[in-house]
Amino acid sequence: MGGKTKKGKGRLDKFYHLAKEQGYRSRAAFKLIQLNRKYNFLGNCRSVLDLCAAPGGWLQVAVKNMPLSSLIIGVDLAPIKPIRGVKTLLQDITTQACRQALKKEAGGNLFDAVLHDG
């Protein structure tokens with residue numbers, strides 16, 4: 001038989017430990033850090049929308065890499081603990097109500113970047 005593979009919280013690789021050490025909510029934060037190092041797109045963004053954003057690791061990276069006055073919004077069905085400088089919506093991204101809430105938060109403007117880790 002094949003070896004046992006660790007799943008979920010049992011998968012404690014180096015990125016899991018780095019995330020905990022550096023205060024990120026998820027190991028996935030390092031994916032966005034790597035992409036931003038390569039393409040440097042967050043520094044030029046004034047507004048970002050993160051879809052399916054819980055627990056908020058990518059939102060934390062966005063806050064650290066975007067200008068201070070930027071609009072950063074995270075949307076998810078699961079609650080996201082507050083992050084300074086981030087607005088969160090507890091909604092279903094497939095609904096018209098969510099689209100209306102996003103338009104309202106963005107003041108009718110378009111987002112410079114849309115993030116989704118899925």
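The following questions and answers introduce a predicted model of a protein chain.

User: How many helices and strands does the protein chain have, and which pattern do they follow along the sequence?

Analyst: The secondary structure of the protein chain comprises four helices and four strands. Read along the sequence, these elements follow the pattern α-α-β-α-β-β-α-β.

User: What are the spans of the C-alpha trace along its principal axes?

Analyst: The accessible surface of the protein chain is about 8000 Å², and carbon and sulfur atoms account for 54% of that surface. Along the principal axes, the C-alpha trace spans about 55 × 30 × 25 Å.

User: What percentage of the residues in the protein chain is buried?

Analyst: A residue counts as buried when its relative accessible area is under 20%. The protein chain has 118 residues, and the buried ones make up 36%.

User: Among contacts between residues at least 6 apart in sequence, what share joins residues at least 24 apart?

Analyst: One pair that is well separated in sequence is Leu32 and Val61, which are 29 residues apart and which touch each other. For the protein chain, among contacts between residues at least 6 apart, the share joining residues at least 24 apart is 52%.

User: How far apart are the centres of the positive and negative side chains?

Analyst: The protein chain carries 20 positive and 8 negative side chains. The centres of these two sets are separated by 5 Å.

User: Which residues of strand E4 point to one face and are buried?

Analyst: Strand E4 covers residues 113-116, and its side chains alternate between two faces. Val114 and His116 point to one of these faces and are not buried. The residues that point to the other face and are buried are Ala113 and Leu115.

User: In which sense do strands E1 and E4 pair, and which residue of E1 stands opposite His116?

Analyst: Strand E1, residues 47-51, pairs with E4 over four bridges, and the sense of the pairing is parallel. Opposite His116 in E4 stands Leu51.

User: Against which elements do the buried residues of helix H3 pack?

Analyst: Helix H3 covers residues 57-65, and its buried residues are Gly57, Trp58, Leu59, Gln60, Val61 and Ala62. These buried residues pack against one helix, H2, and against the strands E1, E2, E3 and E4.

User: Is Leu32 buried or exposed, and which residues does Leu32 touch?

Analyst: Leu32 is found in helix H2. Its relative accessible area is 0%, and therefore Leu32 is buried. Leu32 and Val61 have C-alpha atoms 7.2 Å apart. Not counting residues up to four places away in sequence, Leu32 touches Phe41, Leu42, Trp58, Val61 and Leu115.

User: Is Leu110 buried or exposed?

Analyst: Leu110 is placed in the loop between helix H4 and E4. Leu110 and Ser47 lie 63 residues apart in sequence, with C-alpha atoms 8.0 Å apart in space. The relative accessibility of Leu110 is 77%, so this residue counts as exposed.

User: How many disulfides are counted, and why does Cys98 form no bond with Cys52?

Analyst: A disulfide is a covalent bond between the sulfur atoms of two cysteines. The cut-off for counting a disulfide is a pair of cysteine sulfur atoms within 2.5 Å. The sulfur of Cys98 has its closest cysteine sulfur in Cys52 at 9.7 Å, and the two form no bond because this is too far. The count of disulfides is zero.

User: Are Cys98 and Cys52 buried or partly exposed?

Analyst: Cys98 has a relative accessibility of 0%, so Cys98 is buried. Cys52 has a relative accessible area of 43%, and therefore Cys52 is partly exposed.

User: Which residues does the cis peptide bond with omega of about 5° join?

Analyst: Most residues other than glycine have a negative phi, and most peptide bonds are trans. Pro55, one partner in the cis bond, is placed in the loop between E1 and H3. With omega at about 5°, this cis peptide bond joins Ala54 and Pro55.

User: What are the positive phi values of Asn40 and Cys52?

Analyst: Asn40 is found in the loop between H2 and E1, and at 47% relative accessibility it counts as partly exposed. Cys52 is found in the loop between E1 and H3. Neither residue is a glycine, yet phi is about 45° for Asn40 and near 55° for Cys52.

Note on methods
Residues are numbered from 1 along each chain as its sequence is written. This is a predicted model: local features need pLDDT of at least 70, side-chain atom pairs count only at pLDDT 80 or more; totals for chains, interfaces and linings use all residues. Side-chain values use heavy atoms; hydrogens and water are left out. Buried means under 20% relative accessible area, exposed over 50%, partly exposed in between (1.4 Å probe, protein chains only). Two strands pair if DSSP finds at least two bridges between them. Contact means heavy atoms within 4.5 Å. Accessible areas come from the Shrake-Rupley method with a 1.4 Å probe; for residues, only the protein chains shown count as cover. Lys and Arg count as positive and Asp and Glu as negative; His and the chain ends are not counted. The place of a charge is taken as NZ of Lys, CZ of Arg, CG of Asp or CD of Glu.
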